[in-house]
Amino acid sequence: KVEYEHSSKVLPTLPWDKRAFVWLDYEDSISTGILLDIQAIVARATSGTVLALSAPCRQAPEVEQALEEGSGPSAMSRFAGRMGPRVTPQDVSEEDLIGWPCAKLTRRIIVDQIRAALATRNLGLPDEQIVEYTPICEIEYEDGVKMTTTVGILTKTEDEELLQDCGFTTLDFLPPNSDTIRIDVPILTLREIRHIEKQLPTSGQLDYWEIPSSDADKFARFYRYLPNFAVLEH
């Protein structure tokens with residue numbers, strides 16, 4: 001079930017005593033509102049809850065504001081003023097506010113906020129009840145606008161064995177060394193997709209036909225994870 005209400009309305013109504021997959025898909029870049037959502041979830045979520053957050057990362061809004069005004073505070077100063085000095089990493093620059101560096105900065109802020117919220121939650125708890133955050137994967141993709149997603153799981157110390165049994169590190173689509181997954185969406189027609197699909201899976205050379213090899217190879221890499229649909233007529 002997809003909830004289209006504002007997150008501030010929906011999150012307080014969810015049954016946080018149950019394990020859940022929580023995916024927040026934002027239309028705007030990183031903001032204090034997103035950080036408040038993170039605090040609300042981390043404070044309530046039970047052990048075993050998977051948390052995914054997606055946000056656009058073409059550029060921080062302060063970049064355009066600084067360009068339009070042509071004078072005054074820099075984009076970085078504006079960004080730090082909006083997000084707050086405790087949230088903004090000290091080692092970032094204006095180059096980190098645009099494109100894929102902005103994606104990395106977005107994920108970094110999100111994970112830092114999760115860990116900060118957990119530090120508050122864990123105050124005074126016995127060791128076995130302490131909740132930790134374990135990253136699962138980071139994703140970058142572009143479907144008209146640059147987007148980034150970070151995924152992780154919240155678990156109590158006493159559930160460490162269950163976490164290991166999940167085998168996240170054995171997933172074949174995750175790159176080694178926890179590198180970011182870059183999903184390059186291929187530009188293909190339905191006829192071209194069908195031509196490639198007939199050959200998959202394969203460990204040999206694809207028959208590219210008239211399809212650009214780069215797009216065909218991209219599709220072969222991710223086809224198992226791409227959405228499928230069919231048009232049915234009565």
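These are my notebook entries on the sheet, helices and cores of a predicted model.

**Entry 1: the sheet**

I began with the strand order. Five strands make an open sheet, arranged 1-2-4-3-5, with mixed pairing. Which strands stand at the edges? They are strand 1 (21-25) and strand 5. Each has a single partner strand, so one side of each lacks a neighbour in the sheet. I also noted the twist, which averages 20 degrees from one strand to the next.

**Entry 2: the pairings**

I took the pairs one by one. Strand 1 and strand 2 are parallel, with five bridges. Here valine 22 has leucine 51 of strand 2 as its bridge partner. Between these two strands the chain passes through helix 2 (residues 32-44), and the β-α-β crossover is right-handed.

Next I followed leucine 51 to its other side. Its bridge partner in strand 4 is glycine 152. Strand 2 and strand 4 run antiparallel and are joined by eight bridges.

Then I looked at strand 3 (residues 131-142) and strand 4 (residues 146-156). They are antiparallel too, with eleven bridges between them. I found glutamate 140 opposite threonine 148 of strand 4.

**Entry 3: strand 2, both faces**

I checked burial along strand 2. How many of its eight residues are buried? Eight of the eight are, so the strand is largely enclosed by the rest of the structure. In a regular strand, side chains alternate between the two faces of the sheet. I therefore sorted the residues by side: Thr49, Leu51, Leu53 and Ala55 lie on one, Val50, Ala52, Ser54 and Pro56 on the other. Both faces are covered.

**Entry 4: helix 5 and the cores**

I turned to helix 5 (residues 99-121). Helix 5 lies across strand 2 (49-56), strand 3, strand 4 and strand 5. Its angle to strand 3 is about 165 degrees.

The largest nonpolar core has 35 residues. Those with the most contacts inside it are Ile30, Ile38, Ile41, Leu53, Phe79, Leu97 and Ile114. Two or more residues come from each of strand 1, helix 2, strand 2, helix 3 (61-69), helix 4 (75-83), helix 5 and strand 3. Helix 5 gives the largest share, seven residues.

I picked isoleucine 114 for a closer look. Beyond its neighbours within four places in sequence, isoleucine 114 touches Ile38, Val42, Leu51, Tyr133 and Leu154. Another core lies apart from the largest one. That second core has 13 residues, among them Cys137, Ile139, Tyr141 and Val151.

**Entry 5: threonine 155**

I looked up one polar residue, threonine 155, in strand 4. Is threonine 155 buried or exposed? Its relative accessible area is 6%. The cut-off for buried is under 20%, so threonine 155 counts as buried. With neighbours within four places in sequence set aside, its contacts are Ser47, Gly48, Ile130, Val131, Glu132 and Leu163.

**Entry 6: helix 8**

Last, I went to helix 8 (residues 213-222). Which of its residues are buried? I listed Asp215, Ala216, Phe219 and Phe222. Their arc around the axis is only 145 degrees, which puts them on the same side of helix 8. What do they pack against? The partners are strand 5 (181-183) and helix 7 (190-197). That brought me back to strand 5, one of the edge strands of the sheet.

Conventions. Residues are numbered from 1 along each chain as its sequence is written. This is a predicted model: local features need pLDDT of at least 70, side-chain atom pairs count only at pLDDT 80 or more; totals for chains, interfaces and linings use all residues. Side-chain values use heavy atoms; hydrogens and water are left out. Buried means under 20% relative accessible area, exposed over 50%, partly exposed in between (1.4 Å probe, protein chains only). Helices (H or I, at least four residues) and strands (E, at least two) are DSSP runs, numbered from the N terminus. The arc is that of the directions from the helix axis to the C-beta atoms. Contact means heavy atoms within 4.5 Å. Two strands pair if DSSP finds at least two bridges between them. Axes are lines fitted to C-alpha atoms, for helices over the stretch in contact, and angles run from 0 to 180 degrees between N-to-C directions. A crossover is right-handed if, with the strands pointing away from the viewer, the path from the first strand over the helix to the second runs clockwise. A nonpolar core is a set of buried Ala, Val, Leu, Ile, Met, Phe, Trp, Tyr and Cys residues joined through side-chain atoms within 4.5 Å.
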